[in-house]
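Welcome! Take a moment to look over the model below before we walk through it together.

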Amino acid sequence: MIVILTGATSGIGESFARQLAAKAVADPKKTPRIGLAITGRNALRLKSLADELNRTGLIDCLPITADLADPDAPQRIVQDVLNRWGRIDVLVNNAGYGLPHLFHKTDPADIQAQIQVDLTAPILLTRLALPHLLKSPAGRVIQVSSSISTIAYPIFGAYGACKSGLSYFTDALRRELSGTRVAVTLVEPGPIKTEFLSRAMEGLEKNDTERGFIENWPSWVFGTPQKVAAEMIKSLDRPKRRISVTKTAVWPMRLGGLLFQIFPPLGDWFVSKNLRDAGVSPRSED
Ligand SMILES: NC(=O)c1ccc[n+]([C@@H]2O[C@H](COP(=O)([O-])OP(=O)(O)OC[C@H]3O[C@@H](n4cnc5c(N)ncnc54)[C@H](OP(=O)(O)O)[C@@H]3O)[C@@H](O)[C@H]2O)c1
């Protein structure tokens, strides 16, 4: 089984890679030999993870350093994998990040890079891998989107637009591929304890009000990357349409989203109030 996993240097991706190796170690006879290509920008972390997994002797792990903001990266990743193994069975589009900025303050270059990483790269990787996945006896596409796509959230507008686009693309692809051996899974995590939030905060100044909004999220809404990854690993053997972790965070958002679709004024009032209460709101300038 040949797997491409993007965003393996931390959080959900790193946990997925470790659990895949653990599965092979736990039951080597039942697990097919695994070739795992892991990608990210942090070459040191990638190498150290690849070395650790290769020591099991049951997984052949290839680290590929690539910045997905580079439009040529998807082509290079797929080519490196084909050069090494000549096939692809599983594509996990996990890499991504969120920029929590009031939109009028967001750097246009940052918006462009975010769209490239969070939306264009996973769609292109899917396109490039798909002819190979269709030749596999059990092709899998796992797209890590976000539960943010259920409710339009200010300050994460561009991020949410990318994830909503990815969710739409994933559902459309699953329907297009029905009747083939390729299964498509949409992962919609709620808030998860990873480096996602600390990375998101990096771009904010100390006094930026967006900071307070994020820091105020209650701890009970957070799930763990291990739990998300475990569900993704299970879906390799028993494909699922959707994975939502944690259900206690994602289902209320889904129901709220449905309600706000039917009654848009209610959604505008509720979400805007939520943001104003946290002290975040742009003002018109005289
Ligand atoms: N944590 C949450 O609350 C949450 C909620 C909903 C959805 N998600 C989604 O879950 C996925 C995994 O995030 P996480 O929570 O595990 O966060 P994380 O710990 O920050 O991991 C993000 C991964 O994406 C990679 N990445 C970021 N920018 C990249 C770029 N320009 N090029 C290549 N790789 C890049 C990072 O690697 P390098 O830094 O080495 O490049 C890292 O491996 C993301 O798609 C995220 O949007 C997360």
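How many of the 14 residues of α10 are buried? The count is 0, and α10 is hardly covered. Please keep in mind that this is a predicted model.

**Helix α10 and what follows**

Helix α10 covers residues 264-277, and from its first C-alpha to its last it reaches 20 Å, close to the 20 Å expected at 1.5 Å a residue. Just after α10 comes Gly279, with a positive phi of about 85°.

**The protein as a whole**

Stepping back, the protein holds 10 helices and 7 strands. Its C-alpha trace spans about 65 × 40 × 35 Å along the principal axes. The radius of gyration is 19 Å, which agrees with the value near 19 Å for a compact globule because the chain has 286 residues. Of those 286 residues, 40% are buried. Among contacts with a separation of 6 or more, 76% join residues 24 or more positions apart.

**Strand β5, a covered element**

Now let us turn to β5, which is mostly covered: 5 of its 5 residues are buried. In a regular strand, side chains alternate between the two faces of the sheet. In β5, Arg140, Ile142 and Val144 point one way, while Val141 and Gln143 point the other way, and all are buried. A parallel pairing over 4 bridges links β5 with strand β4, residues 90-93. Within this pairing, Val92 has Ile142 of β5 as its bridge partner.

Ile142 deserves a closer look. This residue sits in strand β5, which runs over residues 140-144. Why does Ile142 count as buried? Ile142 is buried because 26 C-beta neighbours lie inside 10 Å, and 20 are enough for that label. Leaving aside neighbours within four places in sequence, the contacts of Ile142 are Val92, Thr185, Val187, Met232 and Ser235. Ile77 makes a useful landmark too: Ile142 and Ile77 are 65 residues apart in sequence and 17 Å apart in space, C-alpha to C-alpha.

**Backbone angles to look up**

Three spots in the backbone can be found by their angles.

| Site | Angle | Place |
|---|---|---|
| Gly279 | phi about 85° | just after α10 |
| Ile155 | phi near 65° | loop between β5 and α5 (157-176) |
| Val245 and Thr246 | omega about -5° | Thr246 in the loop between β7 (242-245) and α9 (247-262) |

The positive phi of Ile155 occurs in a residue other than glycine. Ile155 counts as buried because it has 26 C-beta neighbours inside 10 Å. As for Val245 and Thr246, the peptide bond that joins them is cis.

**Around the ligand**

Finally, which residues are closest to the ligand? They are Gly7, Gly11, Gly40, Arg41 and Gly96, from a shell of 28 residues that surround the ligand. Two or more residues of this shell come from each of the elements α1 (11-26) and α6 (196-202). Helix α1 gives the largest share, 3 residues. By type, the shell divides into 13 nonpolar, 11 polar and 4 charged residues.

To finish the tour, go back to the two elements we met along the way: α10 is hardly covered, whereas β5 is mostly covered.

Technical notes
Residues are numbered from 1 along each chain as its sequence is written. This is a predicted model: local features need pLDDT of at least 70, side-chain atom pairs count only at pLDDT 80 or more; totals for chains, interfaces and linings use all residues. A residue is near a molecule or strand if its C-beta atom, placed from the backbone, lies within 6 Å of it. Ala, Val, Leu, Ile, Met, Phe, Trp, Tyr, Cys and Pro count as nonpolar, Asp, Glu, Lys and Arg as charged, and the others, Gly among them, as polar. A residue is buried if 20 or more other C-beta atoms lie within 10 Å of its own, exposed if 12 or fewer, and partly exposed in between; C-beta atoms are placed from the backbone. Two residues are in contact if their C-beta atoms, placed from the backbone, lie within 7 Å. The radius of gyration is taken over C-alpha atoms; the globule rule is 2.2 Å times the number of residues to the power 0.38. The expected span of a helix is 1.5 Å times one less than its number of residues. Two strands pair if DSSP finds at least two bridges between them.
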